[in-house]
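This report looks at the empty space inside one protein and at the surroundings of its ligand. Please keep the sequence and the 3D view open while reading.

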Amino acid sequence: AIAGTGFVGYGIYSNRNPPEQIDPDPNKKTLVVLGTGWGSVSLLKKLDTENYNVVVISPRNYFLFTPLLPSCTTGLIEHRSIMEPVRNFLRHKKAAVKFYEAEATKIDYERRVIYVNDESEIKGESHTTEVPFDMLVVGVGAENATFGIPGVREHSCFLKEVNDAQRIRQRIMDCCETATFKDQSPDEVKRLLHMVVVGGGPTGVEFAGELQDFFENDLKKWIPDIKDNFKVTLVEALPSVLPMFSKQLIDYTEKTFKEETIEVRTKTMVKNVTDKYIEAEFTDANGQKQTEKIPYGLLVWATGNALRPVVKDLMAQIPAQKDSRRGLAVNEYLVVKGTENVWAVGDCAVAGYAPTGQVAAQEGAFLARLFNQMGKTESIDLELKNLSAVQETAPNKEKRDEAFARIKDLQRRRRRVNSMGPFEYSHQGSLAYIGSEKAVADISWLTGNLASGGTLTYFFWLSAYLSMCFSTRNRILVIMDWTKAKVFGRDVSR
Ligand code: NAD
């Protein structure tokens, strides 16, 4: 797969189902994996589950293919097409894996237990319990950064989870339908049809592009009344959007946005959010700081990641984490510094890489290899112990020599198994969709360092994202959604 995720279809699995799986063994160590995002799922896919009693805890019983989440906000792709139930791939593992749909609220490092909270809608109550661990992988990701700016949580939509995309989709249609309602004042119509995106990282840029596409391809044809007032504005505090891309691609993106009539407001920092407008600070032509009120109908907040409380709390329990600010500091084997039996992957770990799905997936795959090797080492050690006993009690020289030869062989295998090097991230490139069937790509492996933008890059983006989808099922569903939208237009019902 293009981003080194290694996600493939079901062809690799035998048709194993829960009744044929090996039961948990009380003599094995309990490995708890928190989360079902890129890092944790990539670990689970490659892990030999028969070496440990594996327990997975996550409030989400599915993996979400986040790169296509912006397409769900406009109905181009249906959210279920990019979701894969964890039960679907866990049932193919050799040994049974326990899955608890619950949120880990606290990790007690000293006691080696995790407190989990299950919000049951059926029971109408929440239930807290403890899960003990011998080994723990923290892959809980991050939450949305708001930088404590007043009003953000109350009034804006984020774009991280399925329900965020559903909320945005509803809100877009609500704004359009309300704007065309009888007797709205012109100012109110303008406000309702002003779609403001805060944050010019890949999330904000991709969403702005998708939204403008929605307007151009469908909304303005189906609701012509909105066509003079519908407007998308992208607000970014830094001097340019997509700072992680090359200057050439930044310029290309800004030029494309101009052609698409998306307004880009760089060097503009949002300081306050109310239910109808944002207050943004910018520097005018005379170098004076000015504050402007920008009315909006839809506000999407995409200003990056912040630590989750459960991670902050764990960091506070470990003295070696005291100087880490952005997440759990890990060593080159992804072990959380100051611990021996806790690993961290993805956006909650600080390993020196950007918080992307590509990094998380490679970290997860690395840990799977590490744990598989550790499992092998343990079984070799057990066999070595048994052979030493055989050697001591062997009735004749022939048997002793036989045991000795086997010991030598096992010791060689153990040295080989133990020779695994540290985690090294291999960057496959960055891709972002920028609207009107154009994409930008910074790809280091193709031709040294290729930066490309345009329609051809869009087809590359399409095929790359398709190949990265979790399963063949997902891939087929996404293709069907794309085809459906091309033929019939996007579904504008709320
Ligand atoms: P980001 O951190 O990349 O960008 C957030 C932007 O918001 C920054 O440029 C910041 O200057 C701006 N900002 C912060 N506060 C602001 C304010 N008050 N007013 C105006 N602007 C403000 O966030 P993201 O786009 O959510 O991405 C998060 C991570 O996920 C990144 O590492 C990114 O590379 C990765 N990601 C990658 C892709 C892709 O490769 N296609 C897609 C989505 C996310």
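## The largest cavity

The largest cavity holds about 30 Å³ of space, and this description, like the rest of the report, rests on a predicted model. When the whole structure is searched for cavities of 30 Å³ or more, one is found. Rolling a probe the size of a water molecule over the atoms shows where empty space is left.

## What lines the cavity

The lining of the largest cavity is made by Pro67, Leu68, Pro70, Ser71, Glu206, Glu210, Tyr433 and Trp461. Sorted by class, five of these lining residues are nonpolar, one is polar and two are charged. At least two lining residues come from helix 2 (69–72), and at least two from helix 7 (202–222).

Where does the largest cavity lie with respect to domain 1 and domain 2? Because domain 1 (10–142 + 307–378) and domain 2 (152–305 + 429–488) both give residues to its lining, the largest cavity lies between them.

## Around the ligand

The ligand is surrounded by 24 residues, and the closest are Thr203, Glu236, Ala237, Val270 and Leu431. By class, this shell has 14 nonpolar, eight polar and two charged residues.

Backbone atoms also approach oxygen atoms of the ligand: a backbone N or O atom of Pro202 lies 3.3 Å from one, a polar backbone atom of Gly304 is 3.4 Å from one, and a backbone N or O atom of Pro355 lies 3.4 Å from one. Taken alone, the ligand exposes 840 Å², of which the protein buries 79%. Helix 7 and strand 14 (268–273) are the elements that give two or more residues to the shell around the ligand.

Terms used: Residues numbered from 1 in each chain as written. Predicted model: local features only at pLDDT ≥ 70, side-chain atom pairs only at ≥ 80, totals over all residues. Heavy atoms only, no water. 1 Å grid on protein atoms, 1.4 Å probe; cavity = no way out; pocket = protein on both sides within 12 Å on 5 of 7 lines; lining within 4 Å. Points joined across faces, edges and corners; volume = space filled by probe spheres on them. Helix = DSSP H or I, 4+ residues; strand = E, 2+ residues; numbered from the N terminus. Nonpolar A, V, L, I, M, F, W, Y, C, P; charged D, E, K, R; others polar. Domains from an automatic or database assignment. Near = heavy atom within 4 Å. Polar contact = N/O pair within 3.5 Å; in protein donor to acceptor, adjacent residues only side chain to side chain. Areas by Shrake-Rupley, 256 points an atom, 1.4 Å probe, with all protein chains shown as cover.
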